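Opening the notebook on a new model today. The plan is to go from the overall layout to the ligand, then to a handful of single residues.

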Amino acid sequence: MLSLSNIEFSIGERILFSGVDFHINPRDRFGLVGPNGAGKTTFLRIIIGEVLPTRGNVLRTNDLNIGYLPQEEIVLKGGTLIDEVLKDYHKQLERLTKLQTELSKKSNNRQIIRAYESEEERFLRMGGYDYEAEAYKVIAGLGFVKEDYEKKVDEFSSGWQMRIVLARILLNRPELLLLDEPTNHLDIESILWLENYLLNFKGAMVVVSHDRYFLDKILQVKTGATGILEVNQGRFRKYRTNYTGYLRESQIRKERLQHQAKVQERRIKQIKEFIMRNRANKSKAKIVKSREKYLEKLKPVEVEKEHKQIKVRFPLAGIYSKRIVQLAGVSKYYGSKKIFENLNLTVEKGERIALLGKNGAGKSTLCRIIAGYEPPDSGVRWSSEKLRIGTFLHEILLKMNPEDTVIETVSKRAVQEIDQNIRKFLGLFLFSGDDIYKKVKVLSGGEKTRLVILLTMIEPSNLLILDEPTYHLDKSSTDAIKQAISSYGGTIILVSHNRDLIVPFATRIIELRDGRLFNYPGDFFYYLQKRKDTSSYKGERRKKKKTISPMDVLKDKIINLETRRNRLRELFSRPGFIQNPRKAKKLFEEYQRLSREIEKLEESS
Ligand SMILES: Nc1ncnc2c1ncn2[C@@H]1O[C@H](COP(=O)(O)OP(=O)(O)OP(=O)(O)O)[C@@H](O)[C@H]1O
Ligand SMILES: [Mg+2]
């Protein structure tokens, strides 16, 4: 179906990878993993032909239908959500109708008959007339609600636009599915839905992800070859196992190589000593010669270099006042759509606040208003005079000039910094050598995030506003951010879906829900408990009523199920939860069952 042989890809002097052979057959499944900047996205772009390799061949079967979800830069314009999702279906129908009309005029034309047959086959492969019904299921699975259907696609945030593209790709049932970090923009429920969808997917797939549970789940299906393809320091290596197995096997492999390298080093030292000792000894001249030859021919055991970790430290600026930012009666609308209304918030020195809320609830907008980057439509924002804000906001990612180089981007922000310092800074963020002259537009997803984090580190601050700061980052960089957050002495407001980050961090949770801001003055577990209590409180009140209607019974049932579901959510967020995959799987399945049941009950209530 697709065959890559002896592929090399280099950029200027730098060889990203070389000697890569990769074949994929219908129904094979591979997870593609490796550190940021290793070349995962580039590899997918070579497969689809968007980028040409510098050496080697790519062979695809004729008309291979590939569905490719890029990692970033999805910009949709034009019609409504439904128009966009049904676009390919309508186009296909149109093609068929046109050919039908032509056929009715020239019924014996072989070329038209062939064209008609091939288009009809394609139509059937897409699901034929079931396509429309399937489309509604898919968009519901990806978290869209009825009110979204007629909304224009450009009104959706980039995360939701990515979901629209994903829906379209899945509905076309491609023979080869290429997904680049699909879980980055999804919340837990949609991730679970996508996992299940992919379990039943009939084609071949290559999926870039660092989500261990997600990869393990989709690699359960063994209809063809399955495994992990790792790209690291220019080499591709295949592991015929799932992600958990890969982590184990690659660790064992690394330790084995390190051991072999040590043994080899010892052996070389012994031989060299022997040669030195006996060089003048004529009777041993032959042995000395042969040992010298042996050394010349010896292939050193290659141990991969340890991957360097970025060094993150957010510098602190002093501030004395207790209250540092305050919002009073703040409202925000986009057009006629209310985002939030009459919102109050006081941020005090030293607080570590996690801002939660569903996708699209307005978290990023609220961050911008707190930062003072965007005025509210009504209400006031007050801030302490000494307030110095450091932000990681997605606008910064979007607003960076794609034509600037890395060093220009940083220099623009740090006028007073001398060049030497900037280079040192950049080095800490693994931009070294020629990397600093790379243009922003060629940086990988993770490299761009690294650059924005770096900008946050230039100026001292006493309030950090971080909106999904681990976006696209590999595990090693995510760990570095986690560490920096925990050692920062100032105040932090953090938006993240990564519970690993929130749980050890937050001393207060605020949640945007239905246009209002809810305050939970405690850690993440306190928040979960309180959320649960709110549900049972409603239950209590209901019990006190004199007559209990069937509707009340139904609602109580929903509350009970929700309580159990919240308990499961809490379990998911515990460190070490995923270490027992069997148990995790069982609980995830129970979670899904509960969600379905709740949904059904809610429909009938
Ligand atoms: N035209 C170019 N000029 C210079 N460097 C480039 C160019 N195109 C890509 N690169 C570099 O090639 C490397 C590989 O990029 P790629 O996007 O494939 O990485 P990735 O593995 O997908 O990373 P991530 O996990 O961050 O998404 C990066 O270091 C990137 O900066
Ligand atoms: Mg990438």
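**Entry 1: layout.** I started with the domain assignment, which splits the chain into domain 1 (1–64 + 175–241), domain 2 (75–168), domain 3 (247–297), domain 4 (323–522) and domain 5 (529–604). Note to self: this is a predicted model. I then looked up how far domain 3 sits from domain 4, and their C-alpha centres lie 53 Å apart. For the whole chain, I get a box of roughly 110 × 85 × 50 Å around the C-alpha atoms, taken along the principal axes. The secondary structure tally is 20 helices and 18 strands. Of the 605 residues in the chain, 49% are buried.

**Entry 2: the ligand.** Where does ligand 1 lie with respect to the domains? I checked the shell: domain 1 (1–64 + 175–241) and domain 4 (323–522) both contribute residues, so ligand 1 lies between them. There are 19 residues around ligand 1, and those that come nearest are T41, T42, S444, G446 and E447.

Next I went through the polar contacts. An oxygen atom of ligand 1 sits 2.6 Å from a side-chain N or O atom of E447. For T41, an N or O atom in the side chain is 2.7 Å from an oxygen atom of ligand 1. With A38 the partner is a polar backbone atom, 3.3 Å from an oxygen atom of ligand 1.

How much of ligand 1 does the protein bury? Taken alone, ligand 1 exposes 650 Å², and the protein buries 85% of that. I also listed the elements that give two or more residues to the shell: β2 (14–24), α1 (40–48) and α15 (445–458). By residue class, the shell around ligand 1 divides into six nonpolar, nine polar and four charged.

**Entry 3: the coiled-coil annotation.** I pulled the UniProt record, an unreviewed entry, and it places "coiled-coil region" at residues 247–274 and 551–604. I looked at 247–274 in the model: that stretch is 100% helix and 0% strand, with its end C-alpha atoms 41 Å apart.

Then I picked R253, which is found in helix α9 (residues 243–278). Is R253 buried or exposed? Its relative accessible area is 17%, so R253 counts as buried, the cut-off being under 20%. I measured nothing by hand here, just took the computed C-alpha separation: R253 and V303 are 9.8 Å apart in space and 50 residues apart in sequence.

**Entry 4: positive phi.** Before checking torsions I reminded myself that most residues other than glycine have a negative phi. Two exceptions went on my list.

The first entry is N6, with phi near 50°, a positive value in a residue other than glycine. N6 has its place in strand β1 (residues 2–11). At a relative accessible area of 44%, N6 is partly exposed.

D514 also has a positive phi, near 50°, and is a residue other than glycine. D514 is found in the loop between β17 (508–513) and β18 (516–520). Its relative accessible area is 70%, so D514 counts as exposed, which takes over 50%.

**Entry 5: a few more pairs.** Y333 is in strand β10 (residues 323–334). Its relative accessibility is 30%, which makes Y333 partly exposed. I looked up Y333 against D377: the two are 44 residues apart along the chain, and their C-alpha atoms are separated by 6.9 Å.

L356 has its place in strand β12 (residues 352–357). With a relative accessible area of 11%, L356 is buried. From L356 to Y116 I read off 52 Å between C-alpha atoms, with their positions 240 residues apart along the chain.

Last one for today is D533, in helix α18 (residues 524–544). D533 is partly exposed, at a relative accessible area of 31%. Its C-alpha is 55 Å from that of H259, and the two residues are 274 apart in sequence.

How values were computed: Residues are numbered from 1 along each chain as its sequence is written. Chains are lettered from A and ligands numbered from 1 in the order in which they are written. This is a predicted model: local features need pLDDT of at least 70, side-chain atom pairs count only at pLDDT 80 or more; totals for chains, interfaces and linings use all residues. Side-chain values use heavy atoms; hydrogens and water are left out. A residue is near a molecule or strand if one of its heavy atoms lies within 4 Å of it. A polar contact is a pair of N or O atoms within 3.5 Å; within protein, one must be able to donate a hydrogen and the other to accept it, and residues adjacent in sequence count only if both atoms are side-chain atoms. Accessible areas come from the Shrake-Rupley method with a 1.4 Å probe; for residues, only the protein chains shown count as cover. Helices (H or I, at least four residues) and strands (E, at least two) are DSSP runs, numbered from the N terminus. Ala, Val, Leu, Ile, Met, Phe, Trp, Tyr, Cys and Pro count as nonpolar, Asp, Glu, Lys and Arg as charged, and the others, Gly among them, as polar. Domain bounds come from an automatic or database domain assignment. UniProt positions are given in the numbering used here, feature names are shortened, and annotations may be inferred rather than shown by experiment. Buried means under 20% relative accessible area, exposed over 50%, partly exposed in between (1.4 Å probe, protein chains only).
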